[in-house]
Amino acid sequence: CSVVLSTAWRYMVHGGAMTLTGFEYLLRTHGVRCPGRVIGLTAKDAQTEDPEERGRQIRAWLNEHPEVTRYAVVDDMAGGFTGLPIVRTDGKVGLTDEDADWLVAALAVTRG
């Protein structure tokens with residue numbers, strides 16, 4: 001699968017401190033091997049406290065990339081993802097084996 005960043009960490013790329021390839025290296029240092037798989041990032045946040053903002057950004061990215069037919073969101077945030085397949089993680093624990101199993105199942109669903 002490919003990875004699109006919606007995490008606040010995407011600001012390292014938005015700000016020019018890191019490239020997508022550099023972000024892949026950062027992930028590799030944390031045990032996630034995904035060479036060539038980080039393919040994009042969502043837009044910068046609007047200047048608002050709206051809890052729906054991240055979900056809107058993800059939907060906007062998906063609308064700009066209609067070739068993407070299977071996807072899932074992995075996030076530890078609570079809001080804004082209505083209607084999106086999401087694996088809700090614990091920010092203190094990270095992605096568990098159970099989360100990963102759900103993610104694989106979610107990626108089998110076709111966007112319609």
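Helices here are DSSP runs of at least four residues, numbered from the N terminus. With that in hand, welcome to a short tour of this predicted model.

**Overall layout**

The protein's secondary structure amounts to 4 helices and 4 strands. Read from the N terminus, its elements follow the order β-α-α-β-α-β-β-α. The C-alpha trace spans about 35 × 35 × 30 Å along the principal axes. For 112 residues, a compact globule would have a radius of gyration near 13 Å, and the 14 Å of the protein agrees with that. Of the 112 residues, 29% are buried. If you look at contacts with a separation of 6 or more, 46% of them come from residues 24 or more positions apart.

**Two nonpolar cores**

Let us turn to the interior. The largest nonpolar core is built from 9 residues: Ile-58, Trp-61, Leu-62, Val-68, Tyr-71, Val-73, Phe-81, Leu-84 and Ile-86. Helix H3, residues 53-64, is the element that gives the most to this core, with 3 residues. Another core lies apart from it and has 7 residues, including Leu-5, Val-13, Phe-23 and Leu-27.

Phe-81, a member of the largest core, is a good residue to click on. Setting aside neighbours within four places in sequence, Phe-81 is in contact with Arg-54, Gly-55, Ile-58, Arg-59, Val-73, Asp-75, Ile-86 and Arg-88.

**Helix H2 and its buried side**

Helix H2 covers residues 20-29, and within it Phe-23, Glu-24 and Leu-27 are buried. Which side of H2 do they take? They lie on the same side, because the arc they cover around the axis is only 105 degrees. The buried residues of H2 pack against strand E1 (3-5), helix H1 (11-14) and strand E2 (38-41). Just after H2 comes Gly-31, which takes a positive phi of about 90 degrees.

**Salt bridges around helix H3**

Now for the charged side chains. The structure holds 4 salt bridges, and the table shows some of them.

| Pair | Closest N to O distance |
|---|---|
| Asp-50 and Arg-56 | 2.4 Å |
| Arg-56 and Glu-53 | 3.4 Å |
| Arg-54 and Asp-75 | 3.0 Å |

Take the pair of Arg-56 and Glu-53 to begin with. How far apart are they along helix H3? Arg-56 and Glu-53 are 3 residues apart in helix H3, so about one helical turn separates them. Their surroundings can be read from the accessibilities: Glu-53 is buried, with a relative accessible area of 12%, whereas Arg-56 is partly exposed at 41%. Asp-50, the other partner of Arg-56, also counts as partly exposed, with 26% relative accessibility.

The remaining pair in the table reaches across the chain. Arg-54 sits in helix H3 and Asp-75 in strand E3 (residues 73-75), so their salt bridge ties together parts that are 21 residues apart in sequence. Both Arg-54 and Asp-75 are buried. Asp-50, Glu-53 and Arg-56, for their part, are joined into one network by salt bridges that share partners. Recall that Arg-54 and Asp-75 are also both in contact with Phe-81, a residue of the largest core.

**A buried glutamine in H3**

Helix H3 also holds Gln-57. Is Gln-57 buried or exposed? Gln-57 is buried, because its relative accessible area of 5% falls under the 20% cut-off. Not counting residues up to four places away in sequence, Gln-57 touches Arg-10, Thr-42, Ala-43, Lys-44, Asp-45 and Ala-46.

**The cysteines**

Finally, the sulfur atoms. How many disulfides does a search of the whole structure find? The search finds 0 disulfides. Cys-1 is in no disulfide, and the nearest cysteine sulfur, that of Cys-34, is 8.5 Å away. Cys-34 is likewise in no disulfide, with the sulfur of Cys-1 as its nearest cysteine sulfur. A disulfide requires two cysteine sulfur atoms within 2.5 Å, so the cut-off is not met at 8.5 Å. The surroundings of the two residues can be set side by side: Cys-1 is exposed, with a relative accessible area of 64%, whereas Cys-34 counts as buried at 9% relative accessibility.

Definitions and conventions:
Residues numbered from 1 in each chain as written. Predicted model: local features only at pLDDT ≥ 70, side-chain atom pairs only at ≥ 80, totals over all residues. Heavy atoms only, no water. Core = buried A, V, L, I, M, F, W, Y, C linked by side-chain atoms within 4.5 Å. Buried < 20%, exposed > 50% of the residue type's maximum accessible area, 1.4 Å probe, protein only. Helix = DSSP H or I, 4+ residues; strand = E, 2+ residues; numbered from the N terminus. Contact = heavy atoms within 4.5 Å. Arc of directions from axis to C-beta. Rg over C-alpha atoms; globule rule 2.2 N^0.38 Å.
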